[in-house]
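Open the model in your viewer and keep the sequence panel visible. The tour goes from one selection to the next.

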Amino acid sequence: DRITNRFFFRDSYDTQMFLDELNSILVNTFELESLLHKSANLISKTFKVSQSFFVLEGQENNKIRIVGTAEKDIQPQSLAKLIQLLKASRSKMMVADELVNENKSQLLDLMREHNVSVATRLIANRQSIGYILMGIKQSGNAYSAQDIAVTGIAADEIAIATQNALRFEEIQNFNLTLQAKVDDATRQLRNAN
């Protein structure tokens, strides 16, 4: 019993404090990369996991974008099959420990290959924009029901903030393109005069 309590306290965290910190990040950070990095670091620290990162789909040229605590170690092409299987599952959340009994061995193998224990879909305004992928717990313990519930809540908040940051990024890129066109037209007008 002491051993169980010791592991419980090592993995425990204050849910409200985590959600408050996450909310602060989401409200005060507009730049997408920074928002996702800060969120991934908070998730890794709070849940005490080996890695947490975001995979955003549907970016320019249909390339996936990886941001988080492990993105330097992961190549987008190596994640393509995992993302494809996650999409096909149509589930909001996939937990590796639960896949053993569901006859989804290919998905389970890919999750294990990428050190992913939990994959949660980011959905904002009924549109899937990507996933949060979380690694194994540093203690070796399984994810608890509280972990799964809190991850679902966090995913909903992160999805909305991510969608807003993507729109902000799109507007910034449009402004840069527009400014370049204005500069080019001005240059052409000066040359003509």
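Two strands count as paired if DSSP finds at least two bridges between them. The model you are looking at is predicted.

**Stop 1: strand β5**

Select residues 127–134, which form β5. Is this strand enclosed or open? Of its 8 residues, 6 are buried, so β5 is largely enclosed by the rest of the structure.

Now add residues 52–56, strand β1. β1 and β5 run antiparallel and are joined by 5 bridges. To see one position across the two strands, pick F53, which stands opposite L133 of β5.

Next add residues 118–124, strand β4. β4 is also antiparallel to β5, with 7 bridges between them. Here, pick L122 and its bridge partner in β5, G130. Then follow the chain from β4 into β5: the two strands form a hairpin with 2 residues between them. N125 in this hairpin has a positive phi near 55°.

**Stop 2: K137**

Move on to K137, in the loop that runs between β5 and α7 (145–192). Is this lysine buried or exposed? Its relative accessibility is 4%, and buried means under 20%, so K137 counts as buried.

Show the side chains of D147 and Y143 as well. The side chain of K137 makes a polar contact with that of D147, at 2.9 Å. The charged end of K137 also sits over the ring of Y143, 5.6 Å from the ring centre.

**Stop 3: helix α2**

Select residues 15–28, helix α2. This helix has 14 residues and spans 20 Å from first C-alpha to last, close to the 20 Å expected at 1.5 Å a residue.

Start at its N-terminal end with D14, which caps the helix. A side-chain oxygen of D14 lies 3.0 Å from the backbone nitrogen of Q16.

Then colour F18, L19, L22, I25 and L26, which are buried. They cover an arc of only 120° around the axis, which means that they lie on the same side of α2. On the other side of the helix, V27 and N28 are exposed.

**Stop 4: F18 and F47**

How many aromatic pairs does a search of the whole structure find? It finds 1. The pair is F18 with F47: their ring centres are 5.4 Å apart and their planes stand at 75°, so the arrangement is edge-to-face. F18 belongs to α2 and F47 to α3 (residues 32–47), so the pair ties together parts 29 residues apart in sequence. Both F18 and F47 are buried.

Definitions and conventions
Residues numbered from 1 in each chain as written. Predicted model: local features only at pLDDT ≥ 70, side-chain atom pairs only at ≥ 80, totals over all residues. Heavy atoms only, no water. Helix = DSSP H or I, 4+ residues; strand = E, 2+ residues; numbered from the N terminus. Buried < 20%, exposed > 50% of the residue type's maximum accessible area, 1.4 Å probe, protein only. Polar contact = N/O pair within 3.5 Å; in protein donor to acceptor, adjacent residues only side chain to side chain. Phe/Tyr/Trp six-rings, centres within 6.5 Å; stacked < 30°, edge-to-face > 60°. Lys NZ or Arg CZ within 6 Å of the ring centre and 35° of its normal. Expected span 1.5 Å × (residues − 1). Arc of directions from axis to C-beta.
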